[in-house]
Amino acid sequence: MNSAAVPEAMRPASELEPGSRVPHKGRVLAWAAWDWGSAAFNAVMTTFVFTVYLTSNAFGGEDQASAVLGGALAIAGAAIALLAPVTGQRADAGGRRKLWLGVNTAAVALLTGLCFFVFPRPEFLLLGVTLIALGNVFFEFAGVNYNAMLAQVSTRRNIGKVSGFGWGMGYLGGIAALLIVLQLFVQPSFDWFGASTADSLNIRLVAVFSALWFFIFALPVLFAVPEPPWAKHGAGLGFLASYRLLVRRIRAIYKTSPHTIYFLLASAVFRDGLAAVFTFGGIIAAGTFGFELKEVIFFAIFGNVVAAVGAVLGGFLDDRVGPKRVIIGSLTGLLIAGSVILVLGNGNYSLFGMDWAGATTFWIFGLFLCLFVGPAQSSSRAYLARLAPHGESGELFGLYATTGRAVSFLAPALFTLCITVAAPLVAPGEAQRWGILGIMVVLLAGLLVLLPVKPPGTSETAVVPHA
């Protein structure tokens with residue numbers, strides 16, 4: 001089926017409501033509160049605190065525990081890639097996005113809270129990694145429905161700003177949650193029962209805190225944003241029938257709006273590079289630039305603030321110049337900042353009679369990296385929401401999750417490869433920074449794939465078959 005063959009009157013509308021509608025600010029705040037709360041799972045549980053606890057010597061040694069955790073997360077990633085599009089499709093059917101957002105969010109909160117029972121002994125390692133892996137699966141499912149709701153709380157005129165506001169809230173929520181965790185549990189400012197390190201009570205209570213934080217801040221969107229007002233055929237489809245429908249719809253999207261598929265592929269590549277900036281940023285700060293743990297945490301806090309500012313500013317630009325230009329500008333900025341860090345390294349230089357230390361290089365250009373990550377992530381979400389046919393956002397964001405998972409090996413693999421190749425060619429301790437080159441290659445590849453993709457305003461909305 002060719003888009004040109006579809007009569008104008010029969011072509012589907014985007015899910016976004018007309019731009020003349022006045023946006024409901026309360027719904028936007030309620031929607032963004034979910035992003036704020038979700039940071040407790042992302043930043044506290046899976047990045048900085050609980051997974052560090054799980055890979056400590058208390059669970060049988062860092063190497064063994066890390067391998068088990070990595071294996072569990074790999075299985076979780078495969079499950080997400082296989083199931084995300086169908087979970088989005090079935091939530092779209094009958095207009096049940098909010099219901100499934102609530103169910104999946106509650107599942108994440110419950111699994112997070114159960115981490116309290118992961119005592120610091122090797123026999124509890126499997127329980128811990130299973131809870132974290134399952135939490136990741138349900139978190140991604142919730143994220144599919146949450147992202148799909150972007151079209152329900154925004155219009156064509158402000159979708160970039162709303163998406164950027166949500167990303168900014170997520171970054172700031174992570175900072176707030178981390179600071180509370182540090183002050184109450186990890187390095188407590190006063191003596192209370194939650195500060196006890198006996199049986200790692202303080203770290204296990206972090207799980208309870210994170211579960212409550214996420215659940216409480218997820219409630220507003222469930223009360224303030226209504227279910228979508230449409231109902232669709234296919235709500236009663238069986239599981240395998242849902243996959244057959246998914247395949248038919250992907251083919252139809254490719255025939256009637258091929259640039260939607262092209263964008264999914266391009267964004268999968270550059271989003272892997274964006275994720276790697278945060279994944280390996282702290283490692284490079286410590287290994288290449290000699291940052292102590294306290295300095296890494298301080299940099300993480302400042303980096304999240306800068307990323308939040310970048311996401312909000314990028315959202316305003318998105319609505320004015322379009323998401324494609326914002327993404328291209330952000331990826332270009334990332335490539336420039338990353339290249340400077342790679343070239344200068346941890347060396348000391350003299351600039352206009354002033355000393356320039358390696359730590360200064362990383363602080364300045366590392367924060368520039370953070371500044372450009374936020375707009376690229378935010379505009380990528382807004383880009384796809386503009387392309388979604390009416391009532392299809394959930395399924396499309398499920399494909400967004402799947403394509404991202406499918407190439408999530410790229411940046412870590414190239415990061416490792418570049419270090420391995422550089423190791424025998426450079427001085428000891430100098431190889432790690434060449435891993436930056438691997439990340440830059442992924443970002444550049446994503447940029448090049450994105451360049452020929454038509455922006456939303458010039459790309460047809462896909463015509464998709466019903467069940």
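Thr 197 counts as exposed, at 61% relative accessibility, and its place is the loop between H6 and H7. This is a predicted model, so keep that in mind throughout. Along the chain, Thr 197 is 12 residues from Phe 185, and the two C-alpha atoms are separated by 9.0 Å.

Stay in that loop for a moment. Asp 199 also belongs to the stretch between helix H6 (159-186) and H7, and so does Ser 200, which is in the loop between H6 and H7. What is the sign of phi at Asp 199? Phi is positive there, about 55°, although Asp 199 is not a glycine. Ser 200 does likewise, with a positive phi of about 50°, and it isn't a glycine either. As background, most residues other than glycine have a negative phi. The burial picture runs from exposed to buried over these loop residues, as the table shows.

| Residue | Relative accessible area | Class |
|---|---|---|
| Thr 197 | 61% | exposed |
| Asp 199 | 38% | partly exposed |
| Ser 200 | 16% | buried |

Ser 200 makes the buried class because the cut-off is under 20%, and its value is 16%.

**Rings**

Now for the aromatics. The count comes to 28 aromatic pairs. One of them joins Phe 139 and Phe 214: their ring centres are 6.0 Å apart and the planes meet at 55°, so this pair is tilted. Phe 139 sits in helix H5 (residues 125-148) and Phe 214 in helix H7 (residues 201-224), so the contact ties together parts that are 75 residues apart in sequence. Are these two residues buried or exposed? Both Phe 139 and Phe 214 are buried.

Another tilted pair is made by Trp 213 and Phe 217, at 4.9 Å centre to centre with 55° between the planes. This one stays inside a single helix: both residues lie in H7, 4 residues apart, or about one turn of the helix. The two partners fall in separate accessibility classes. Trp 213 is buried, at a relative accessible area of 10%, while Phe 217 is partly exposed, at 28%. Why does Phe 217 miss the buried class? Buried means under 20% relative accessible area, and Phe 217 has 28%, so it lands in the partly exposed group.

Trp 213 and Phe 217 also belong to a wider group of rings. Ring pairs link them with Trp 36, Phe 185, Trp 192, Phe 193 and Phe 209 into a cluster. Phe 185 is the residue whose C-alpha lies 9.0 Å from that of Thr 197, which brings us back to the loop where we started.

Two arginines sit over rings as well. Arg 204 lies over the face of Phe 116, 4.6 Å from the ring centre. Over at Tyr 400, the charged end of Arg 271 sits above the ring, 3.6 Å from its centre.

Back in H5, have a look at Asn 136. Asn 136 is buried, with a relative accessible area of 17%. In sequence Asn 136 and Leu 73 are 63 residues apart, yet their C-alpha atoms are 7.8 Å apart in space.

**Helices and a pocket**

How do the helix lengths work out? H11 has 22 residues, which should span 32 Å at 1.5 Å a residue, and its end C-alpha atoms are indeed 32 Å apart, so the two agree. Just after H11 comes Gly 345, with a positive phi of about 60°. H12 has 30 residues and reaches 43 Å from its first C-alpha to its last, close to the expected 44 Å. Of those 30 residues, 22 are buried, so H12 is largely enclosed by the rest of the structure.

H11 and H12 turn up again in the second largest pocket, which has a volume of about 300 Å³. The pocket is lined by 17 residues, and the closest to its centre are Pro 323, Arg 386, Pro 455, Pro 456 and Gly 457. Which helices supply at least two residues of the lining? They are H10 (293-321), H11 (323-344) and H12 (358-387). H10 gives the most, with 4 residues. If you're thinking about the chemistry of the lining, it has 7 charged, 5 polar and 5 nonpolar residues.

Methods: Residues numbered from 1 in each chain as written. Predicted model: local features only at pLDDT ≥ 70, side-chain atom pairs only at ≥ 80, totals over all residues. Heavy atoms only, no water. 1 Å grid on protein atoms, 1.4 Å probe; cavity = no way out; pocket = protein on both sides within 12 Å on 5 of 7 lines; lining within 4 Å. Points joined across faces, edges and corners; volume = space filled by probe spheres on them. Nonpolar A, V, L, I, M, F, W, Y, C, P; charged D, E, K, R; others polar. Phe/Tyr/Trp six-rings, centres within 6.5 Å; stacked < 30°, edge-to-face > 60°. Buried < 20%, exposed > 50% of the residue type's maximum accessible area, 1.4 Å probe, protein only. Lys NZ or Arg CZ within 6 Å of the ring centre and 35° of its normal. Expected span 1.5 Å × (residues − 1).
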